[in-house]
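Visitor: Please take one short stretch of this chain and look at it closely. After that, set it among its surroundings.

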Amino acid sequence: MKAKTIKTIKGISVAVVILMSVVLFLEVWFWFQRIENVEWTSDHKTWQWTILICQIVSLTALSATVMAFILNTFSSLRKDRIFAKSNSTVIFVGAAVFALYSLFETTAVSAFHGEHVWSVNTDMFIYPLLIIILGLLYKLAYEASEENNLTV
């Protein structure tokens with residue numbers, strides 16, 4: 001049972017790495033395609049460039065946190081441990097990065113249309129909070145597994 005679960009974790013992790021790589025590539029490619037159609041305004045050009053660049057940087061940072069989580073998981077599994085201690089921190093960082101990415105992603109739509117508007121939606125608050133809850137659960141699971149390893 002344990003070996004099958006670990007094999008499933010590895011398979012899904014590889015799929016996530018491939019999918020994140022494809023998403024990152026496509027987002028950057030589409031970003032360059034859309035950049036030609038931006039309605040540049042002389043008053044807000046610096047703001048527009050800042051938002052558009054921050055969108056790509058935050059997506060890259062989000063991809064990096066996902067990759068760090070998976071690499072930490074693989075490293076932990078090689079040591080016959082299910083949970084990596086550092087992954088709870090990676091999850092918390094991922095929540096913050098996701099909030100920033102959501103802000104820049106929604107605001108970029110306005111920037112593409114030449115509007116100087118910060119766009120905020122509920123997703124940028126709800127999902128990071130859910131990710132933090134998962135991070136806390138992961139931290140508890142790590143602590144319980146460490147306590148179990150000490151008692152055996």
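Guide: Asp 80 lies in the loop between α2 and α3, the latter covering residues 87-112. This is a predicted model, in which local features need pLDDT of at least 70 and side-chain atom pairs count only at pLDDT 80 or more, while totals for chains, interfaces and linings use all residues. Residues are numbered from 1 along each chain as its sequence is written, and side-chain values use heavy atoms, with hydrogens and water left out.

Asp 80 follows α2, and its phi is positive, near 60°. The residue has this positive phi although it is not a glycine. Asp 80 is also exposed, because its relative accessible area is 67%. Exposed here means over 50% relative accessible area, buried means under 20%, and partly exposed lies in between, using a 1.4 Å probe and protein chains only.

On one side of the loop is helix α2, residues 45-78. Helices are DSSP runs of H or I with at least four residues, strands are runs of E with at least two, and both are numbered from the N terminus. Helix α2 has 34 residues and reaches 50 Å from its first C-alpha to its last, close to the 50 Å expected at 1.5 Å a residue. That expected span is 1.5 Å times one less than the number of residues in the helix. On the other side of the loop, α3 has 26 residues and reaches 36 Å, close to the 38 Å expected. A positive phi also turns up just after α3, where Gly 114 takes about 80°.

Both α2 and α3 are packed against by the buried residues of α1, where contact means heavy atoms within 4.5 Å. Helix α1 runs over residues 2-35, has 34 residues and reaches 48 Å, close to the 50 Å expected. Buried in α1 are Ile 6, Ser 13, Met 20, Glu 27, Trp 31 and Ile 35. An α-helix has 3.6 residues a turn, so residues three or four places apart point the same way. Ile 18 is found in α1 too, but this residue counts as exposed because its relative accessibility is 51%. From Ile 18 to Glu 143 is 125 residues in sequence and 30 Å in space, C-alpha to C-alpha.

The remaining helix, α4, covers residues 123-151 and holds Leu 129. Leu 129 is exposed because its relative accessible area is 53%. Leu 129 and Ala 96 are 33 residues apart in sequence, and their C-alpha atoms are 9.3 Å apart in space.

Now for the chain as a whole. Its pattern along the sequence is α-α-α-α, with four helices and zero strands. The radius of gyration of the chain is 19 Å, well over the 15 Å that the globule rule gives for 152 residues, so the chain is more spread out than a compact globule. The radius is taken over C-alpha atoms, and the rule is 2.2 Å times the number of residues to the power 0.38. Along its principal axes the C-alpha trace spans about 70 × 25 × 20 Å. Of the 152 residues, 32% count as buried. Among contacts with a separation of 6 or more, 72% are between residues 24 or more positions apart.
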